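Please work through the exercises below with the sequence and the structure in view, trying each task before reading its solution.

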Amino acid sequence: MGADDNELARRLRHEGVRVGEIIACRAWRVITPGWVRSGDDRLHSVYMRDYVWHPDEPASGDVRTHGIYSFRDAIRAKYEYTSTTSIDDGPLLFGQIKIWGEVVEHEVGYRSQFGRIVSLDYGDRGLLEKFRKIYRVNQVS
């Protein structure tokens with residue numbers, strides 16, 4: 001999302017539409033130990049590496065500046081994340097999140113105020129097993 005998208009989100013008028021939770025797709029970065037960095041047992045945002053998704057609290061962000069990005073389908077999420085990131089940055093895990101609060105709908109997905117991981121579905125099998133236990137989620141079939 002660019003600066004124009006952020007400006008548009010700031011100017012949007014709330015339409016008063018209220019819906020329940022939305023299930024959407026996204027990816028997370030696994031920070032693995034290396035020469036320059038240490039690993040940890042938390043999933044990180046793909047682009048905002050310092051943003052950590054904690055197991056026992058929802059992710060959150062101001063939708064007028066950044067928010068929690070997600071996609072309507074897993075194929076688009078995988079395409080967007082793998083086409084713009086390097087494997088050298090660490091492996092990616094893909095799954096689903098529940099989003100709520102203030103939500104801005106985009107052409108291919110959403111930017112939400114809150115999000116919580118509900119499943120980890122694709123990626124390295126060993127990492128999936130490890131992080132499913134940490135986040136207490138299963139794979140969605």
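The exercises that follow concern a predicted model, and they go from strand pairing to aromatic rings and then to charged side chains.

**Exercise 1.** Find out which strands pair with strand E7 (residues 109–122), and in which sense they run.

Step 1. Begin with strand E6 (residues 92–105), which pairs with E7 in the antiparallel sense over 10 bridges; within this pairing, Gly-95 has Leu-120 as its bridge partner in E7. Three residues lie between E6 and E7, and the two strands form a hairpin.

Step 2. Turn next to strand E5 (residues 68–71), which is joined to E7 by four bridges, again in the antiparallel sense, with Tyr-110 of E7 as the bridge partner of Ser-70.

Step 3. Finally, look at strand E4 (residues 59–60), which runs antiparallel to E7 and is joined to that strand by two bridges; here Ser-60 stands opposite Phe-114.

**Exercise 2.** Classify the ring pair of Trp-28 and Trp-53, and state whether these residues are buried or exposed.

Step 1. A pair of aromatic rings is described by the distance of the centres and the angle of the planes. For Trp-28 and Trp-53, one of the three aromatic pairs in the structure, the centres are 5.6 Å apart and the planes stand at 85 degrees.

Step 2. Planes over 60 degrees apart count as edge-to-face, so the pair of Trp-28 and Trp-53 is edge-to-face.

Step 3. Trp-28 lies in strand E1 (residues 22–30) and Trp-53 in strand E3 (residues 52–53), so that the pair links distant parts of the chain, 25 residues apart. Both Trp-28 and Trp-53 are buried.

**Exercise 3.** Classify the ring pair of Trp-100 and Phe-114, and describe what lies around Trp-100 and its neighbour in sequence, Gly-101.

Step 1. The ring centres of Trp-100 and Phe-114 are 5.7 Å apart and the planes are at 20 degrees, so this pair is stacked. Because Trp-100 belongs to strand E6 and Phe-114 to strand E7, the pair ties together parts that are 14 residues apart in sequence.

Step 2. Trp-100 has a relative accessibility of 28% and counts as partly exposed, while Phe-114, at 25%, is also partly exposed. Over the ring of Trp-100 sits the charged end of Lys-98, 5.5 Å from the ring centre.

Step 3. Gly-101, which lies in strand E6, touches Gln-113 and Phe-114 when residues up to four places away in sequence are not counted. Between Gly-101 and Ser-60, 41 residues apart in sequence, the distance from C-alpha to C-alpha is 9.4 Å.

**Exercise 4.** Work out which parts of the chain are tied together by the salt bridges of Lys-130, Arg-136 and Glu-102.

Step 1. Side chains of opposite charge can pair when their charged atoms come close. The structure holds five salt bridges, including one between Lys-130 and Asp-41, whose closest N and O atoms are 2.8 Å apart. Since Lys-130 is in helix H3 (residues 125–135) and Asp-41 in the loop between E1 and strand E2 (43–44), this pair ties together parts 89 residues apart in sequence.

Step 2. Arg-136 forms a salt bridge with Asp-56, with the closest N and O atoms 2.1 Å apart. Arg-136 lies in the segment after H3 and Asp-56 in the loop between E3 and E4, so parts 80 residues apart in sequence are tied together; both residues are exposed.

Step 3. Glu-102 and Arg-64 meet in a salt bridge at 2.6 Å, N to O, linking strand E6 to the loop between E4 and E5 across 38 residues.

Definitions and conventions. Residues are numbered from 1 along each chain as its sequence is written. This is a predicted model: local features need pLDDT of at least 70, side-chain atom pairs count only at pLDDT 80 or more; totals for chains, interfaces and linings use all residues. Side-chain values use heavy atoms; hydrogens and water are left out. Two strands pair if DSSP finds at least two bridges between them. Rings of Phe, Tyr and Trp (its six-membered ring) pair if their centres lie within 6.5 Å; planes under 30 degrees apart count as stacked, over 60 as edge-to-face and the rest as tilted. Buried means under 20% relative accessible area, exposed over 50%, partly exposed in between (1.4 Å probe, protein chains only). A charge sits over a ring if NZ of Lys or CZ of Arg is within 6 Å of the ring centre and within 35 degrees of the ring normal. Contact means heavy atoms within 4.5 Å. A salt bridge is a side-chain nitrogen of Lys or Arg within 4 Å of a carboxyl oxygen of Asp or Glu.
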